[in-house]
Amino acid sequence: MPVFQIDDGGFRLDGEPFRLLSGGLHYFRVHPAQWADRLRKARLMGLNAIETYVPWNLHQPRPDRFRMDDELDLPAYLDLAAAEGLHVLLRPGPYICAEWEGGGLPSWLLAEPDLRLRTRDSRYLSAVDDYFTRLLTPLHPYLSTRGGPIIAVQVENEYGAYGDDTAYLEHLADSLRRCGVDVPLFTCDQPADLERGALPGVLSTANFGSRSAQNLATLRAHQPTGPLLSTEFWIGWFDRWGSRHVVRDADQAAQELDELLATGASVNFYMFHGGTNFGFTNGANDKHTYRPTVTSYDYDAPLDEAGDPTEKFTAFREIIAKYAMVPGEPVPAPGAKLTVAAVPLTQSAGLLEGAASLGEAVESRYPLTMEELRQDFGFVLYETTLPAAGPALLELEHVRDRAQVFLDGQPAGVLERENHEHALTFTVPRESSVLSVLVENQGRVNYGLGIHDRKGLPGKVLLNGSELAGWTNRPLPLTSLSGLPFAATRTVTIGPAFHRGTFEVTEAADTFLHLDGWTKGNAWINGFALGRYWSRGPQRSLYVPAPVLRMGTNEIIVLELHASHHARTVDFKETPDLGPTEE
């Protein structure tokens, strides 16, 4: 078995000097049927390792439930990496950031109102220790000390940007060791945070995307001996709703890579292949203004969202070839793509009318948060009756994150956390009118102190200055849509409503769902949640992995929260639309 070591001179593999040439490839952002393809392309670009985070929130959706199957079959993913001869850098968290929902921390932690994440809060550490035990015990055979591909494991993630409690990091490192991790450990931080995020006796690494020589010098000043590693060498970036699609020039990124490798340092590209925030899994940032991340995690990486090589694949491969052996096989060709035009969505079901089929109501005096309802993702529908007719001022103390307000089923307005909106005025038509507030979790904050991000209506709801009491809280996780009462309709249905149609496929291939004329919502194909769409952009299409499709008839369901501006049709095209670019 290969022996991976860290000493004062650098990394060593079986006693020989070893340079890590790695790339980020998150199994949970790629359809499992496509893992092997992406890993093979990593090897063909010249990489000898891949890096992956582990999303605690998906693996342990409830304290008493742990999953490692299907799209979360991490052992299967590690087997495929080993089959390609790739080593693995494992980053199990517990916090991962990753522009992922809540930074990977499970929402059930936030059901306790005073729990402090990423601290020595005993309740948090107990949950972390349990998670590590459940995750790492089955992974023992995959450690390199036992013949597996995992050569190193990260302790926490960019902790220096959050705190400076060395004892907290020591607890995590001790927990990893107690769970059988006997390969080298490492931390990673941005250069300015190295001191705060360091753990004595553990390798420090740095995250940056430019000024390689300068940032590596900072790392060397912090850590006088040992290997130099950029654990996140940022070669692209993520997008947020309402902005532009961020790209980075391939030649400029390759020049930075050349500068880094010329120092003798090791590298992990962030990302080699970004993938997709399928379903409701995107995160958000909140630096005084809440900014949710889009569905696509294309990241302007060497492989695009569909796994096809980009300019960066070739540019980076040529740079890597200056410093290491690169496979002689040609650059892989783009995969086949599917086109289906003007698919009609002929059946509809109103969300408000069909809500009872989507979630069970819970009665309470005041609104309950999504976490108190034991709900991870999706929407909550809050309803109460109003005491009197007449002019009204509705005030929501906190909107987490987007609230659509209805009176007796008719739209009354929208309040968005991103725009710091909290109040609406309207006229209540009659005594005992039903007030409905549909709140969307647009993604829990994944960075900074804002990770304590409870969803729904976590504050008071006032009408003309008086607090409203007596609520129905209905969780709408939308994990199953099978009970919806779809019916054929020719009229334009004002949302929120689900629209269903079918289309035929004779040969499955990747494709991109385009929703021109639609406003905002989510889409599913054959029950697979593709993610969110929003006309504000920049992203205006959704990636559809070929394995989601089947020969013959396929079903598509679109949840439109407002209204489509033309006939209810969608298109499947060969190319994505990620929006106007920003370099």
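**Helices and cores in a predicted model**

Trainee: In this predicted model, which elements do the buried residues of α9 pack against?

Mentor: Helix α9 covers residues 311–320. Its buried residues include Phe313, Phe316 and Ile319. The elements that the buried residues of α9 pack against are β4 (21–25), α1 (35–44), α8 (250–262) and β12 (266–273).

Trainee: How many of the 10 residues of α9 are buried?

Mentor: A residue counts as buried when its relative accessible area is under 20%. In α9, Lys312 and Arg317 meet this condition, as do Phe313, Ala315, Phe316, Ile319 and Ile320. Helix α9 is therefore mostly covered, under that cut-off, and the number of its residues that are buried is seven.

Trainee: Which helix gives the most to the largest nonpolar core?

Mentor: The largest nonpolar core has 115 residues, and Tyr124 is one of those with the most contacts inside it, along with Leu74, Phe269, Leu478 and Phe498. The helix that gives the most to this core contributes eight residues and spans 122–136; it is α4.

Trainee: Which elements are included in what covers the buried residues of α4?

Mentor: The buried residues of α4 include Tyr124, Leu125, Tyr131 and Phe132. Tyr124 touches Trp56 and Tyr168, among others. The cover over the buried residues of α4 includes α2 (56–59), α3 (74–83), β6 (87–91) and α5 (166–178).

Trainee: What distance does α4 reach from its first C-alpha to its last?

Mentor: Helix α4 has 15 residues, and its expected span is taken at 1.5 Å a residue. The reach in the model is close to that expectation. From the first C-alpha to the last, α4 reaches 21 Å.

Methods: Residues numbered from 1 in each chain as written. Predicted model: local features only at pLDDT ≥ 70, side-chain atom pairs only at ≥ 80, totals over all residues. Heavy atoms only, no water. Buried < 20%, exposed > 50% of the residue type's maximum accessible area, 1.4 Å probe, protein only. Helix = DSSP H or I, 4+ residues; strand = E, 2+ residues; numbered from the N terminus. Contact = heavy atoms within 4.5 Å. Core = buried A, V, L, I, M, F, W, Y, C linked by side-chain atoms within 4.5 Å. Expected span 1.5 Å × (residues − 1). Lists of a residue's contacts leave out its neighbours within four places in sequence.
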